[in-house]
Every structure is written in C-alpha cells, then in structure tokens.
Number of protein chains: 2
Amino acid sequence: MPVTIRDVARQAGVSVKTVSRVINGDGPVREATRQRVQAVIEALHYRPNAVARSLVTRRTMALGLLIADVINPFFPEVVRGVEDAAKVAGYTVLLGNTDEDPVQEERYLALMQERQVDGLVLSGSRAEEEVLRQAADSGFWMALINRAVHHPRILSILVDNADATAQATSYLIQKGHRRIAYLLGPSRAEAARLRFEGYRRALREHGIPFRPAYVVQEIPRIEGGRKAMRTLLALPSPPTAVVAYNDLMAIGAIEAVQEAGGRVPDDVAVIGFDDILLAAYTIPPLTTVRVPKYEMGYKAAAALIDTIKIGRTSPRVVRFKGKIVVRGSA
Amino acid sequence: MPVTIRDVARQAGVSVKTVSRVINGDGPVREATRQRVQAVIEALHYRPNAVARSLVTRRTMALGLLIADVINPFFPEVVRGVEDAAKVAGYTVLLGNTDEDPVQEERYLALMQERQVDGLVLSGSRAEEEVLRQAADSGFWMALINRAVHHPRILSILVDNADATAQATSYLIQKGHRRIAYLLGPSRAEAARLRFEGYRRALREHGIPFRPAYVVQEIPRIEGGRKAMRTLLALPSPPTAVVAYNDLMAIGAIEAVQEAGGRVPDDVAVIGFDDILLAAYTIPPLTTVRVPKYEMGYKAAAALIDTIKIGRTSPRVVRFKGKIVVRGSA
DNA sequence: TCGAAAAATGACAACGTTGTCATATGCCGG
DNA sequence: CCGGCATATGACAACGTTGTCATTTTTCGA
C-alpha cells in the first residue's frame with residue numbers, strides 16, 4: 001500500500017537504481033531525468049523506507065541514549081545536548097531509562113544492539129565494566145558520560161569530579177568550617193567515588209582529620225539527602241557544613257536542617273553538585289558546582305559520531321571543568 | 001562479520017526457518033531441536049537483526065515521541081510515562097525536540113515516517129492541523145497530548161484545561177480578589193486557548209468585567225512571565241492577583257513582583273499551571289494546578305499501542321483532571 | 001561522419017529476516 | 001508392520017533499498 005521506489009521508477013519510466021541515485025544525489029543523472037523523477041516523487045508523496053536502506057547500508061543513522069532517569073533534573077540537559085548533536089549530523093536518538101539498575105542497563109544494551117544503532121551514549125551507567133567492554137569488543141561504539149573505561153571503542157566524557165569537590169570543600173574550610181560532613185552518592189557510580197576523594201583530599205591538604213562518622217551514604221535524591229542530614233544532626237557534635245554528592249541530596253539536607261529548626265547557612269552550610277535548575281530556587285538558593293551538562297551531552301554525541309565516521313576514537317577522553325557557583329547556602 | 005541466523009542454522013544443522021521458529025517461539029519445534037538451536041545461539045552470542053525483521057514484518061516496534069523541549073520541566077515526566085508504557089509493550093522510543101516550531105515538527109514527522117515507527121506521540125504539538133491530518137490519512141497512528149484533532153487515526157489525551165483554570169480563577173475571586181490578570185501562553189497552543197477561556201468564564205460567572213489590559217501574552221518561560229508581570233505592574237491600577245498559563249510564567253511573575261519590592265501573595269497573588277518540580281521550591285512555594293504529566297504520557301503510549309494492535313482508536317479521547325495544589329503564592 | 005571516451009542508465013544480487021507452502025518425519029491404531 | 005494423520009522441518013520468495021558491474025547513450029575531437 002505505501003509508495004515504494006519501484007512505484008516511482010515505473011511512473012517516471014526509469015529504473016529503480018536511477019530513482020535511488022536521484023534520492024541520494026550520488027552517481028550521475030541527467031538533469032532532465034532528475035527533474036522528471038523528482039516530480040514523480042513529489043506527486044506520489046514518496047518517502048524512502050529507512051529500514052530497507054539500513055539493511056543494505058548496514059547503518060541506521062541512529063544513536064542509542066541510555067540515562068538513569070529523565071525525571072532526575074540532571075539528565076534533561078544531557079539528553080538535549082545529545083539530541084542536538086545527533087540532529088546536526090542527521091542521526092536519530094533512541095532513548096532508554098535504566099534507573100541506575102545494571103540489569104535494566106544490560107537489557108537495553110542488548111536491545112540497542114539488536115536495533116543496530118550506530119553508537120551508544122551512556123549517562124549514569126552502572127553496568128559492570130566487563131559488560132561494556134564486551135559490547136565494545138563486539139564492534140559497538142560507545143560514549144560514556146561521567147565514567148571512564150579504557151577501550152579502543154569507548155569514549156569518555158568527564159568532569160573533574162575530584163578537583164571540583166576539593167575546591168568546594170576548600171571553600172568551606174576557608175570560610176572557617178572545620179566540622180565538614182560528606183553526603184555520599186551511589187557507590188557503583190564512579191563519579192561518586194571521585195567526588196568523595198576530592199572531599200578527602202581537601203581535608204588532608206588543610207590538615208583537617210577525616211571523621212568517618214561525617215560520611216553518610218544514601219540514595220542520591222532529595223529524600224536521601226534529608227535522611228542523611230537527620231543522621232548527621234543526631235551526632236553528638238554535628239557538622240557545621242555539608243558537601244553533598246549532588247544537588248538533590250543537598251536540597252534534602254537543607255530541608256532537614258530547617259525542619260530541625262536550624263538555619264542555612266548560619267547553622268549548617270550546604271554545598272551541592274551539578275547546578276540543576278532547582279538549585280537557583282531553593283531557600284536559600286544553593287551554592288553548588290556547575291557541571292556543563294548540555295555541553296557534555298553534545299560533545300558525547302558529536303565525538304561519538306566523529307569516531308564512528310573515522311573508525312577510531314580520537315581523542316579517547318574529553319574533560320570538562322566544574323565551576324563553583326556561590327549562592328546563599330554556603 | 002556479525003553472526004546471522006544463517007550462521008546459527010549451519011552450526012546447528014537446521015534450516016534458517018527453524019532457527020527463526022525457535023527465536024520467535026512460533027510454529028512447532030521438537031524439544032531436542034529447540035535446545036540444540038538455543039545452545040548454538042548462546043554459543044555464538046547471536047542477536048537477531050531488528051532491522052531485517054522489521055523490513056519483512058512491516059513493524060518496527062518503535063514509537064516516535066515528539067516534545068517541545070526536554071529541558072522544559074513539563075516534559076520529562078511525560079517522556080518517562082511514554083517510555084514506561086512503551087517498554088512494557090516491547091516498544092522502543094525515538095525522541096525528538098521540536099521547540100514549539102511547526103517547521104521542525106513537520107521535519108520530524110517526515111523523519112519518523114521514513115523510519116517507519118509504528119506510532120507517534122506528540123506533546124506540545126504546534127503543527128498545522130492539516131499536516132497532522134495528512135500524516136494520519138497516510139496511515140500513521142498518533143496520540144496527541146493536550147491537543148484535540150478529530151480523526152479516526154488520532155487519539156487525544158487531554159486535561160480539563162478550561163475547567164481547571166476556571167477553578168483556579170474562582171479560588172482567587174473567593175479570596176476577595178477582583179483585579180485578576182492573566183498571563184497568556186503561545187497562541188498556537190490549543191491548551192493556551194482553553195485555559196484562557198476558563199479564566200474568562202470564571203470572571204463572567206462571578207460578574208467581574210473582563211479587562212483586556214489585564215491579559216499579557218509572552219513566551220511561556222520564566223523570562224516571559226517576568227516581562228509580562230513588569231508590564232502589568234506598570235499599569236495605573238495593577239492587578240492584585242495573576243493566573244499564569246504555566247508554572248514557569250508564574251515563577252517569572254513572582255520574581256518580577258519581588259524585584260519591584262512587592263510581596264507574594266500579600267501584594268500580588270500568583271497561581272500557576274502544571275505543578276512542575278520547581279513549583280514546590282520557589283519563594284513562596286507556588287500555588288498551581290497539578291497536571292498528571294506522567295500518567296498522561298503513559299496513557300498516551302499505552303492507548304496508542306492498543307490502538308495500533310486492534311487497528312482502530314477506541315476510545316478516541318481520554319480526559320484527565322487537573323487539581324489545585326494550594327501552596328504559598330495564593 | 002566516425003570512433004573512442006565519458007556519461008547515463010539498468011539488471012541483478014544482496015542485506016537478514018519471516019511468510020507461504022510443500023515435504024519429510026514420527027506416531028498410533030489396527 | 002502398515003496406512004493415515006499430525007507434527008516437524010525446509011526451500012524459496014519476499015520485504016524495499018543500495019552496490020556492482022554491464023550496457024546503452026551521449027559527447028566530442030579528428
């Protein structure tokens with residue numbers, strides 16, 4: 001029922017191959033022929049079938065994009081960056097939410113392979129390194145956002161998690177804080193590990209002893225931050241400042257302080273990470289580390305597409321810088 | 001280079017058709033054969049090529065999802081709802097951002113048709129009705145969120161925009177407000193028209209004269225709301241309350257009032273629409289109309305998939321109810 | 001005006017899978 | 001141990017496009 005290239009060919013009195021040439025603008029075609037074919041294409045409202053095309057060219061012009069959860073305010077900007085870069089290069093994006101669940105991530109990875117996407121962007125990846133490596137070995141091109149895996153077919157887009165967190169921590173120390181706690185993120189996340197390292201490094205560099213009781217791990221959401229902060233406030237000598245894995249936890253922490261009758265930043269200073277939209281609107285507005293989310297998404301997709309084109313990763317790691325945004329919470 | 005069904009067949013000593021039967025679990029296969037084939041599939045890490053499959057079955061098991069902009073906090077929940085419903089039914093989602101631009105929307109519409117998606121969900125659609133109708137005529141199944149188009153292949157998922165806005169307006173009137181302004185959204189959006197109607201209806205029902213000067217149209221973002229509110233504040237007799245097309249404009253309005261040295265809700269009460277995440281965290285927290293965004297996305301995709309399956313829309317319109325969430329701004 | 005080279009066009013196979021239909025195999029009752 | 005029937009399997013075409021290579025047509029110089 002739908003119009004095929006064959007219909008166009010018949011109607012225009014040429015071979016299908018000639019129609020193909022007109023559509024793709026390759027191979028020589030006499031101008032008169034081209035116009036005749038073009039006219040038929042428009043008359044019949046013919047649209048080439050991308051599925052058939054992909055089967056023979058072995059390219060789908062599609063990118064997979066796996067993120068933890070679109071509703072998490074960190075990801076929409078990443079998604080948009082990926083989408084924009086993809087669009088510029090003529091690629092389409094297949095989206096999947098993995099909920100930071102390695103099982104779901106693996107399932108999607110397999111799905112994307114079946115669907116023959118030309119490359120895959122992962123943000124918030126929690127799969128075993130071995131799984132990613134295996135997919136890459138089987139010929140899959142990947143770009144990881146905020147995760148590093150060394151492999152000839154894997155590209156990493158990173159922020160300086162450790163440095164930025166160290167700076168944030170140092171900022172608090174310079175403000176006179178000595179009892180500084182850390183709200184730890186998901187241990188599976190490489191970014192969580194690195195940020196925590198930055199926190200410890202800053203303490204060490206300023207000669208402040210590390211106190212394990214000042215580190216609380218929770219889910220990286222508002223509720224998690226609230227819960228973690230309650231734990232900290234119950235300590236015999238509670239912290240006067242808190243560095244959080246991300247903004248959501250930081251916001252939860254602020255809420256917990258205020259619930260307990262304390263004031264931010266007077267009683268407890270709070271500093272977040274990511275600079276999500278919400279961060280500018282809390283009470284007080286959140287001091288945080290701005291991460292170039294859109295840019296990272298854009299770069300991930302753009303670099304991935306280049307990589308696919310030339311057939312090798314180059315460069316293999318792209319680093320972005322986080323930047324402290326001082327607002328009211330610290 | 002990649003493993004095909006042929007490789008599996010050869011290795012297992014059966015025909016490709018038998019392998020196909022094993023994979024899809026259709027047609028009779030002797031248990032012994034099934035196990036042998038299954039073993040080879042696993043040994044070779046064979047993954048069926050979805051592109052080839054789609055070509056012959058004429059179904060891609062993919063849904064297109066066109067939204068205005070993922071970064072706009074209204075859409076992530078919709079996206080997640082669509083994704084979840086799609087996943088349950090074995091569908092994959094192709095995402096596109098249209099930026100409320102009819103040209104981009106049409107371009108994506110064509111792209112999605114080329115890619116042979118089985119159906120399309122549109123949220124924030126701004127294309128000419130004729131364009132949508134034409135796509136539907138050519139056999140395309142669609143679900144529109146917050147837009148109604150009467151066509152046998154088009155499904156509409158709506159909120160009671162007019163009623164909910166009328167309620168919100170009435171709420172302000174009951175609070176004693178008489179000078180109530182309206183921040184109008186994009187005139188291309190059907191939702192904008194309906195909400196505005198609700199505002200006017202409420203005024204009418206309470207015998208409050210409609211004043212054109214109290215209606216300001218701007219882009220539906222924070223900046224737009226700020227700008228619109230500034231205009232209103234410059235009026236000789238500025239409003240004491242404002243109903244906004246959406247939360248972003250409402251937040252902008254709050255900012256403008258505060259910038260001008262006024263207080264919300266004492267000097268100007270503000271009420272929004274959508275209940276985005278941000279709404280709960282502004283100062284003061286925003287009173288607004290909660291729209292079941294996730295549910296609407298889920299329902300859109302689920303109903304669309306049902307529709308595709310049975311080959312006809314049933315029902316053709318699904319209505320959701322908005323609900324006033326009273327917080328601090330009104 | 002002719003021949004050779006260049007340009008334009010077309011026939012056919014291939015991409016990897018499933019649908020259709022024919023054939024082979026296994027099973028069961030007598 | 002055989003016929004008949006159900007079950008299991010396979011051969012081949014088809015999906016709609018592009019790649020390869022052969023063939024036809026045009027162009028142009030001598």
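Which atom of Ala52(A) lies 3.5 Å from a base nitrogen of DNA strand D? In this predicted model, the answer is a backbone N or O atom of Ala52(A). That contact is a good place to start reading the protein surface around the DNA.

Begin with the helices. On chain A, α1 (5–12), α2 (16–24) and α4 (50–57) each give two or more residues to the surface near DNA strand D. On chain B, α2 (16–24) and α4 (50–57) do so as well. Both chains therefore take part in the surface near strand D, as residues count as near when a heavy atom lies within 4 Å. The most comes from α4(A), which supplies five residues.

Now look at individual residues around strand D. There are 28 of them. Ile5(A), Ser20(A), Tyr46(A), Arg21(B) and Thr33(B) come nearest. Of the strand D atoms that come within 4 Å of the protein, 66% belong to sugar and phosphate. Two of the nearest residues show how the phosphates are met. Ile5(A) uses its backbone: a polar backbone atom is 2.5 Å from a phosphate oxygen of strand D. Tyr46(A) uses its side chain, with a polar atom 2.6 Å from a phosphate oxygen of strand D. By residue type, the surface near strand D holds 11 nonpolar, nine polar and eight charged residues.

Turn to the other strand. DNA strand C has 28 residues around it. Those that come nearest are Arg21(A), Thr33(A), Ile5(B), Ser20(B) and Tyr46(B). Sugar and phosphate make up 67% of the strand C atoms within 4 Å of the protein.

Which kinds of DNA atom do the side chains of Lys17(B) and Asn24(B) approach? For Lys17(B), a side-chain N or O atom is 2.9 Å from a base nitrogen of strand C. For Asn24(B), a polar side-chain atom lies 2.7 Å from a phosphate oxygen of strand C. Ala52(B) approaches a base through its backbone, with an N or O atom 3.5 Å from a base nitrogen of strand C. The elements that give two or more residues here are α2 and α4 of chain A, together with α1 (5–12), α2 and α4 of chain B. The largest share, five residues, comes from α4(B). The residue types near strand C divide into 11 nonpolar, nine polar and eight charged.

Next, follow chain A beyond the DNA. Its domain assignment gives domain 1 (5–48), domain 2 (60–159 + 293–321) and domain 3 (161–290). Domain 2 is thus listed in two segments. The C-alpha centres of domain 1 and domain 3 of chain A lie 63 Å apart.

Finally, look at a sheet in chain B. Four strands form an open sheet in the order β7-β6-β8-β9, with parallel pairing. Why do β7 (215–217) and β9 (269–271) of chain B each have one side without a neighbour in the sheet? They stand at the edges and each has a single partner strand, so one side is left free of a neighbour. Neighbouring strands are turned by 20° against each other on average, direction ignored.

Within this sheet, β6 (residues 180–184) and β7 of chain B pair in the parallel sense over three bridges. Tyr182(B) has Val215(B) of β7(B) as its bridge partner. Two helices lie across the strands. Helix α10 (residues 222–233) of chain B crosses β6, β7 and β8 (241–244), running at about 145° to β6(B). Helix α11 (residues 247–259) of chain B lies across β6, β8 and β9, at about 165° to β9(B).

Definitions and conventions: Residues numbered from 1 in each chain as written. Chains lettered and ligands numbered in written order. Predicted model: local features only at pLDDT ≥ 70, side-chain atom pairs only at ≥ 80, totals over all residues. Heavy atoms only, no water. Polar contact = N/O pair within 3.5 Å; in protein donor to acceptor, adjacent residues only side chain to side chain. Nonpolar A, V, L, I, M, F, W, Y, C, P; charged D, E, K, R; others polar. Pairing = 2+ DSSP bridges. Axes fitted to C-alpha atoms, helices over the stretch in contact; angles between N-to-C directions. Contact = heavy atoms within 4.5 Å. Domains from an automatic or database assignment.
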